[in-house]
Amino acid sequence: MLILHHSPQKPNLIVSFFSSSIVALMGSKQLLKPSILSAQQAPSSSSLSRLFGVYRLHSPAIRLRPASRIPSFRLGSNGAPYSSRVSVPRPVYLESPEDGRDAAVPLKVLNKRLEELGIDMRDCNPGQHNSLLCPMCKGGSSSEKSLNLFITPDGGSALWQCFRGKCGWKGSTRAFAQNGSSFGTSNTISKVKKIRELSAESLELQPLSNELLGYFAERSITAETLRRNAVMQRECGNQIVIAFPYHRKGQLVSCKYRDVQKKFWQEADTERIFYGVDDIERQSDIIIVEGEMDKLAMEEAGFRNCVSVPDGAPPKISSKDVPPEEQDTKYQYLWNCKDYLKQASRIILATDGDQPGQALAEELARRLGRERCWRVKWPKKNNNDHFKDANEVLIYMGPSVLREVVENAELYPIRGLFKFSDYFEEIDAYYHQTAGYEFGVPTGWKALKDLYNVVPGELTIVTGVPNSGKSEWIDALLCNINEQCHWKFALCSMENKVQEHARKLLEKHVKKPFFDTRYGESAERMSIEEFEEGKKWLSNTFYLIRCENDSLPSIKWVLNLAKAAVLRHGVRGLVIDPYNELDHQRPSNQTETEYVSQMLTMVKRFAQHHCCHVWFVAHPRQEEAEPI
């Protein structure tokens, strides 16, 4: 027997099927016939018909299973999105010609679903954006109500997103859905499908009260600025909230609300545009800020050519390419105002100084073009912190300081494009010789003092006839430099065995032979104590780059490991010995001369970028004997 909700006052009946095997029967009223028991009868208190009307399903071949006790969705312990596999079809509504569907039923189901996620919607109204405490981040240390919750007017579904930079949790759910809820930390916002027409009368906006005028005055915003920007108030429930109307060409397009606890929400189904967009019409210089209060603060400093973004900042910079206009839903306000922006030759990004604010500046610059963007650097508040935004600078430092900050905006950095001023710190150090090796470090041999010094960031190619001692000379040079300047080195010496190379270096450092049989009986062999101290010196001074398999290493492979040695161990010198032990495969359309030129350019760039001297040993071909 199937139990149906029934009320004499509201004859609309709701049948909920929890068995996926009878979904095909849900659309037919002919399968349901009323029993003898009528809704007008007064049965005994023990009868179920006291609360529900009873119907029988005339289909003997189908057996109803009990309703599933598994909730349609849960949040897994690891925080990852999870959807139940239990299929819960939509309810069947037996419509009555006299009455419509009871909207309270899906709203109650929706409330239960959101409660399971930790979202409290008891004080939220359908058809409006509501700000709540995010159950994921708890609003951070300030317990900010950063979760924006929107419930559709019919109460059948809800969408939410946390606008705290370090959270970004978002999702959606329906009262009756087959696949439960979906949620995550995506930055994608559903595109508005139907645009509402608004007016100040329909929104019941009112002039600002003296109390709110005082609130703005505490934040250094004058009544004249509020009047010019049409800032108003509105009654929402039992409180008065601030209303920021969004106008374009004098027409009301949207409205954003804020209460004194910094809780924000916006009118649903409205077009996303900049706040104050009419103020940048036909302006060559414009300023973009992160909030409406910052837009008003800029006007107090004398800048009317300023707009505010409507949706706050993203948690971080996206790693993806900028999507096409129709898919760029998070920044749709840019595309909706592109006619205003295309006339600007200088765009000053005055977003907040925190990480989300910097991410917003980068996302705006990617879309607007870095070549016409400037950025504001907020002044220091104390030894450790900077002011966060324009309104904070206005409150604590005044309009003149805020104006000075904006006027001193810097060019937005473009990768690979610099000014000399970007290198003034290095130029100053070079002039004052603070590093100590501006003219290079000496080799340790007086005869070479005026001929050759080792300069960081340069390349030395060592060559000579075979067996003339090129590798031995470099080993001695490294020992001298380490003794005088304590440099560390990376060695890519493919011809030397590790133990043999260690012997050569130790003999030069200790200045005694490794063995006592090679140099005659008069040479004193290094002691065990000297040997042990020498091993520590080897380990602290040299880092080996060696290819463990049978393949030849490429120059890129060597330089990548050398970069790691520079960053991890502070290496100042790199030896590549010899050139012919590297893999020199090149494209068929490239000559050897072109390849060598390209390879040496790569090595020199590595040396300059990492302030590291590179020695490249090149062995010439064996000389052929002249005929007698």
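Which residue takes a positive phi just after α7? In this predicted model, the residue is G369, with a phi of about 100 degrees. The helix that precedes G369 is described below, after an outline of the chain as a whole.

The chain comprises 628 residues, of which 42% count as buried. Its secondary structure amounts to 15 helices and 24 strands. When contacts between residues at least 6 apart in sequence are considered, 64% of them join residues at least 24 apart. The area exposed by the chain is about 36,800 Å², and 50% of this area is supplied by carbon and sulfur atoms.

Helix α7 spans residues 355-368. From the first C-alpha to the last, its 14 residues reach 20 Å, close to the 20 Å expected at 1.5 Å a residue. The helix is largely enclosed by the rest of the structure, because 11 of its 14 residues are buried. The buried positions are P356, G357, A359, L360, A361, E362, E363, L364, A365, R367 and L368. Charged residues thus appear in this list beside aliphatic ones, among them E362, E363 and R367. The elements against which the buried residues of α7 pack are β15, α5 (332-336), α6 (338-341), β17 and β18. At the start of the helix, the backbone nitrogen of G357 lies within 2.9 Å of a side-chain oxygen of D354.Two of the strands that α7 packs against, β15 and β17, also hold the partners of a salt bridge. The side chains of R346 and D285 meet at 3.6 Å, N to O. R346 belongs to strand β17 (residues 346-350) and D285 to strand β15 (residues 285-289), so that the pair links parts of the chain 61 residues apart. D285 is partly exposed, with a relative accessible area of 28%.

Salt bridges were also sought across the whole structure, and the search finds 33. Side chains of opposite charge can pair when their charged atoms come close. One such pair is formed by K377 and E410, whose side chains meet at 3.9 Å, N to O. This pair likewise links distant parts of the chain, with K377 in the loop between β18 (373-375) and α8 (390-397), and E410 in strand β19 (residues 410-411), 33 residues apart. K377 counts as exposed because its relative accessibility is 52%, whereas E410 is partly exposed, with a relative accessible area of 34%.

A further salt bridge joins the side chains of E530 and K512, at 3.0 Å, N to O. E530 is placed in helix α13 (residues 528-541), and K512 in the loop between α12 (498-510) and α13, 18 residues apart. Both partners count as partly exposed, E530 at 24% relative accessibility and K512 at 22%. Elsewhere, salt bridges that share partners join R228, D279, K295, E299 and R304 into one network.

Helix α12 contains H501. This histidine is buried, with a relative accessible area of 8%. Apart from its neighbours within four places in sequence, H501 is in contact with D475, L491, S493 and N496.

A second histidine, H486, presents a contrasting environment: at 63% relative accessibility, H486 counts as exposed. H486 is found in the loop between α11 (470-485) and β21 (489-493). Although H486 is not a glycine, its phi is positive, at about 60 degrees. A positive phi also occurs at K249, a residue other than glycine, where the value is near 55 degrees. K249 is found in the loop between β12 (239-248) and β13 (251-258), and counts as exposed because its relative accessibility is 55%.

The backbone also includes a cis peptide bond, which joins D577 and P578 with omega about 0 degrees. P578 is found in the loop between β23 (573-577) and α15 (592-609).

Notes:
Residues are numbered from 1 along each chain as its sequence is written. This is a predicted model: local features need pLDDT of at least 70, side-chain atom pairs count only at pLDDT 80 or more; totals for chains, interfaces and linings use all residues. Side-chain values use heavy atoms; hydrogens and water are left out. Helices (H or I, at least four residues) and strands (E, at least two) are DSSP runs, numbered from the N terminus. Buried means under 20% relative accessible area, exposed over 50%, partly exposed in between (1.4 Å probe, protein chains only). A salt bridge is a side-chain nitrogen of Lys or Arg within 4 Å of a carboxyl oxygen of Asp or Glu. Contact means heavy atoms within 4.5 Å. Accessible areas come from the Shrake-Rupley method with a 1.4 Å probe; for residues, only the protein chains shown count as cover. The expected span of a helix is 1.5 Å times one less than its number of residues. A polar contact is a pair of N or O atoms within 3.5 Å; within protein, one must be able to donate a hydrogen and the other to accept it, and residues adjacent in sequence count only if both atoms are side-chain atoms.
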